[in-house]
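Hi,

Here is the structure I said I would pass on. Have a look at it first, and then read on for my notes.

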Amino acid sequence: MAIAAPRPLSRTSFLASIVLAGIAIASVFVFPERDEGLGVLIWITALIPAFLLAYFRGLVRAAILIAGSMATIAMIQAMAVAGESSDTLPPARPAIYGAVLLGMIVLVEMLHRERRAAGQVALVDKITGLPSREYFDLAIQQEFAAAERGRGMAVVMFDVDNLGTVNSRFGRPAGDVAVNTLAKVVAANTRKENLSAHFGNGRFVSVLREGDAKGAAIFAQRVLDQLRESAFPWGGKVTASAGIAEYESGMGTHELLVGAADRAVGRAKSGGRDMVAFAPDKAEREDMARHAAEAARGGAVAESARRLVYLLDDDASVRSALRGMLVRAGYDVWDSGDPPAAIARYRDAGPGERPAAVIADVIMPAMTGTRMMAEIAEANPDVRVVYISGYAQSEITWRDAPGGSVAMLAKPFTSEQMMDALAQVTAPPP
């Protein structure tokens, strides 16, 4: 996986290169007497659009192959010209060959600098200066793989408290100051061997290599204390909530670990904010499962809701594809990319109007799927859930995410796999 996706080539630049190439090639046929002797050199211009497209799409090998082809063409033509007698060699022709070669060198250097700048933009969040979400996704996969091999790992999620209130009372710039202040405090307290990144929407995530919950709590509390003591232009204080989760065997994807930390943030928010909270441990999760089983025995889904499914994913294209899959299978679907809206809709629905199951992406920008389902489970501990993840690194056997009955699917999956997962979670309790 690449650290940063290359910046896409603009349509204007690509079309301009095609037009220029077309003009150069057409000149051979329109003005044959002028281009006589240029030979295969003119075909270099025909390769420029393909080279630009391959370079900006990150197809490194293809770009190198095309660039090498252009250089070979130029060398062949130069050798052919060198074999001509000096009295038949137009004086301007060597200058043309030299200009083409020099132009190729300049073009490659410019593109190299452009890609390097684009890579820096992708690696660093432009708002906070911390590593970006893209870089975080790469780095945590490596750390997660190490955790699966036996090394300790803890994740801390930070979320600015009442950021919406700060924005509404003092303006969006004040909210940016609050977010940037938390970013500086988190960065100042992050050791070199660890990683802290901007997760988005005023949230930050820290990965503690060889860390545990106790050490993560010390780190998180230090950050909260320093943020609370920070001064702000409007004279008020800004606080944050922190959630901690440790790696557990069978998770299979870092998204479940990050989701567990975000779920802990939700507990800190509901507990009064400006505090550190932990994801539920094994004993607490088992107790929740017993309550869910009791709720399942005492409740029933109305016949009209047996084929209703809530679908939550921040990617509209994924939602569209999944919706079509579910509708063809006979399900009624309500879909959204807004977890808070799903929580409100579920809570407002009567027991007979609630869906048979919820399909939730594990990681979404505003709120992770596990945190969303933890809040929904407060209204109905027996809620049935199919979690989907795009970063599965090994088999997911961990089933302790919120929900009375839970299934896990790794992208990509087939329609049959989704239908099997829905059948599994909606099956009547034994």
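Below is what turned up, going from the whole chain down to single residues.

First, a caveat: this is a predicted model, so please read everything here as computed from it.

**The chain as a whole**

The protein chain has 430 residues, and 45% of them count as buried. Its secondary structure comes to 14 helices and ten strands. If you take the contacts with a separation of 6 or more, 70% of them are between residues 24 or more positions apart.

**Two helices**

Helix α7 runs over residues 172-189, and its length checks out: 18 residues at 1.5 Å a residue should span 26 Å, and the end C-alpha atoms are indeed 26 Å apart. Its buried residues include Ala174, Gly175, Ala178 and Val179, with Asn189 also among them. What do the buried residues of α7 pack against? The list is β1 (153-160), α6 (163-170), β2 (195-200), β3 (203-209), α8 (213-228) and β4.

Helix α13 (369-379) is another one to look at. Eight of its eleven residues are buried, so α13 is largely enclosed by the rest of the structure. Those buried residues are Gly369, Thr370, Arg371, Met372, Met373, Ala374, Ile376 and Ala377.

**Pocket and cavity**

You will probably want the empty space next. The largest pocket holds about 850 Å³. It is lined by 38 residues, and the closest to its centre are Arg263, Arg371, Ala374, Glu375 and Glu378. Two of those names, Arg371 and Ala374, came up just above among the buried residues of α13. The elements that give two or more residues to the lining are β1, α6, α9, α10 (282-298), α13 and β10 (405-410). Which element gives the most to that lining? That is α10, with six residues.

As for closed space, a search of the whole structure finds one cavity of 30 Å³ or more. About 40 Å³ of space lies in it. The residues that line this cavity are Arg133, Phe136, Asp137, Phe199, His254, Glu255, Val258, Ile363 and Tyr391. Here α5 and α9 are the elements that give two or more residues to the lining.

**Rings and charges**

Two of the cavity-lining residues, Arg133 and Phe199, also turn up in a charge-over-ring arrangement: the charged end of Arg133 sits over the ring of Phe199, 4.1 Å from its centre. Elsewhere, Arg307 lies over the face of Tyr331, at 4.0 Å from the ring centre.

There are seven aromatic pairs in the structure. One of them is Phe144 with Tyr247: the ring centres are 5.3 Å apart and the planes are at 85°, so this pair is edge-to-face. Phe144 lies in helix α5 (residues 133-148) and Tyr247 in the loop between β4 (240-246) and α9 (254-270), so the pair ties together parts that are 103 residues apart in sequence. Are these two residues buried or exposed? Both Phe144 and Tyr247 are buried. Ring pairs also link Phe170, Phe232 and Trp234 into a cluster.

**Three buried residues**

Last, some single positions and their contacts, leaving out residues up to four places away in sequence.

- Asp361 lies in strand β8 (residues 357-361). With 5% relative accessibility it counts as buried, and it touches Leu312, Asp313, Asp314, Gly369, Ile388 and Lys411. Of these, Gly369 is one of the buried residues of α13.
- Ser389 is in strand β9 (residues 384-389). Its relative accessible area is 2%, so it is buried. Ser389 touches Thr253, Glu255, Val362, Leu409, Ala410 and Lys411. Glu255 is also one of the residues that line the cavity, and Lys411 is also touched by Asp361.
- Ala421 sits in helix α14 (residues 415-426). It counts as buried at 5% relative accessibility, and touches Val386, Ala407 and Leu409. Ala421 and Val406 are 15 residues apart in sequence and 8.7 Å apart in space, C-alpha to C-alpha.

That is the set of notes for now.

Cheers

Definitions and conventions: Residues numbered from 1 in each chain as written. Predicted model: local features only at pLDDT ≥ 70, side-chain atom pairs only at ≥ 80, totals over all residues. Heavy atoms only, no water. Helix = DSSP H or I, 4+ residues; strand = E, 2+ residues; numbered from the N terminus. Buried < 20%, exposed > 50% of the residue type's maximum accessible area, 1.4 Å probe, protein only. Contact = heavy atoms within 4.5 Å. Phe/Tyr/Trp six-rings, centres within 6.5 Å; stacked < 30°, edge-to-face > 60°. Lys NZ or Arg CZ within 6 Å of the ring centre and 35° of its normal. Expected span 1.5 Å × (residues − 1). 1 Å grid on protein atoms, 1.4 Å probe; cavity = no way out; pocket = protein on both sides within 12 Å on 5 of 7 lines; lining within 4 Å. Points joined across faces, edges and corners; volume = space filled by probe spheres on them.
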